[in-house]
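Me: I've got a model on screen and a few labels I'd like to see justified. Can you walk me through them?

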Amino acid sequence: MASKMIQAIRGMNDVLPDEAHLWEYFEETVRDWLRAYGYRNVRTPILEKTDLFVRSIGEVTDIVEKEMYTFVDALNGESLALRPEGTAACVRAVIEHNLLYAGPQRLWYWGPMFRHERPQKGRFRQFHQVGVEAMGFPGPDINAEHLTMCARLWRSLELDGIALDLNTLGDAQSRERYRRRLVNYLERHEGSLDADSKRRLHANPLRVLDSKNPEMAELIAGAPKLAEDLDEVSMKSFEDLQGLLRESGVSFRINSRLVRGLDYYNGAVYEWVSNRLGAQNAVCAGGRYDALIEQIGGKAAPACGFAMGVERLLALVKVGAGTRARVSDVYLVRQGVAAERYGASVAEQLRDAGLAVILHCGGGSFKSQMKRADASGARYAMIVGDDEAGAGVVSVKPLREAAQQVRASVSEAIDLIKGKA
Ligand code: ATP
Ligand code: MG
């Protein structure tokens, strides 16, 4: 009796070969882009101590309150969490390995993140982020660099309809002043608050502004604005940033309600939103987090960064020439005892010459092997029978154009396939 199939976890997706080439195209574009700006890669574990995220993202946030996958390590009773985002771990690694000792750092990471959310279009339980962090830079020049970088990436990926929402959260004192005014306002409207917002009213009132509940939208729209409580340094820095963006031709709009869902942000914060994705429209988000390094136990240093949602961006990438799956150069068909051995060594010689070769395995008639060759998308079939094996030659047949099959030495065949003949 067949066993019952065990399926993947809800909200966690497989990427199959027909889709994987789109990911590869994205990864290659992103690598070139990061190299062009001098960012270096860090790779941290997928698991961290739960406390790292609680301390950085904040106790009264969606992520920490309800979205983290945590479990107790049976060996030592320690609480561990699958990372819900990348900044905290990146900062931890920088502190732990004392990277800032060598000067400011431009870093990036890439990989799966985990949040226990309700799966829907553009929202998954395992999703992927590319994150960029700059530590040891006070700004706003570095913020302008990040935003200019993003704009360039959208151009490279030929994405349009992505707009930049920008705000500043000011320093800790300005947020404290604002907090008092906001609590006052929310208390006056306590009756209209949903359960989450009631709970956050005193614990973390700024988070109320981040609510995704449409019934809260009107109340949020009428809330006092943070801009009126801003300190002078933050205001000046925010104005300078806007000037730098204008000079670089990066358009933006000020969104005074933008507060971001994580507590570690201060100063400039932003979100890139697409007009083509429906409700889950944010493709990239970030800002300054000047207090985080010290908060996690390092020596205070200014920092900022952003992370983009890979699945949401890939949903916007138009399938075109750049994203087409790469086909092999050659499918090598072989039949007969001597030909099987000879074919395998010819395939290695072709690979030595830099060609991509699929070597037919599993036997079968020439006819059935040629069908596989055709279906593989390879540009050429290379045919080897005992006859070719005996003479030390190969037969080459172009598969994507009407042309004659030719018999040639291996080196002639390589020249032909590489277009040198
Ligand atoms: P959202 O408002 O959509 O919940 P967020 O503010 O929680 O996003 P961040 O923590 O800032 O998101 O993460 C940066 C980016 O990662 C988001 O802009 C989005 O593109 C992507 N992202 C976040 N959560 C998910 C998810 N559950 N599934 C897919 N992508 C996600
Ligand atoms: Mg979220």
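**Labels and cut-offs**

Reply: Start with R200, which is buried at a relative accessible area of 5%. This is a predicted model, where local features need pLDDT of at least 70, side-chain atom pairs count only at pLDDT 80 or more, and totals for chains, interfaces and linings use all residues. Residues are numbered from 1 along each chain as its sequence is written, chains are lettered from A and ligands numbered from 1 in the order in which they are written, and side-chain values use heavy atoms, with hydrogens and water left out.

Me: What makes R200 buried?

Reply: Buried means under 20% relative accessible area, exposed over 50%, and partly exposed in between (1.4 Å probe, protein chains only). R200 has 5%, so buried it is. D62, with 23%, is therefore partly exposed.

Me: Why do D62 and R200 count as a salt bridge?

Reply: The term needs a side-chain nitrogen of Lys or Arg within 4 Å of a carboxyl oxygen of Asp or Glu. For D62 and R200 the N to O distance is 2.8 Å, so the label fits. D62 sits in helix α3 (residues 62-67) and R200 in helix α7 (residues 195-203), so the bridge ties together parts 138 residues apart in sequence. Helices here are DSSP runs (H or I, at least four residues), numbered from the N terminus.

Me: And how do you know that E65 and R199 form one?

Reply: Their side chains meet at 2.6 Å, N to O. E65 is in helix α3 and R199 in helix α7, 134 residues apart. Accessibility is 31% for E65, so partly exposed, and 42% for R199, so partly exposed too. Shared partners join D62, E65, K66, D196, R199 and R200 into one salt-bridge network.

Me: What makes R35 exposed?

Reply: Its relative accessible area is 59%, so R35 is exposed. D32 has 46%, so that residue is partly exposed. R35 and D32 form a salt bridge, with the closest N and O atoms 3.4 Å apart.

Me: Why are α5 and α9 called oblique?

Reply: Helix α5 (residues 141-156) and helix α9 (residues 232-248) pack at about 40°. Angles under 35 degrees count as roughly parallel, over 145 as roughly antiparallel, 65 to 115 as roughly perpendicular and the rest as oblique. So α5 and α9 are oblique to each other. The contact (heavy atoms within 4.5 Å) is made by D141, N143, A144, L147 and T148 of α5 and L241, L244, L245 and S248 of α9.

Definitions and conventions:
Axes fitted to C-alpha atoms, helices over the stretch in contact; angles between N-to-C directions. Helix = DSSP H or I, 4+ residues; strand = E, 2+ residues; numbered from the N terminus.
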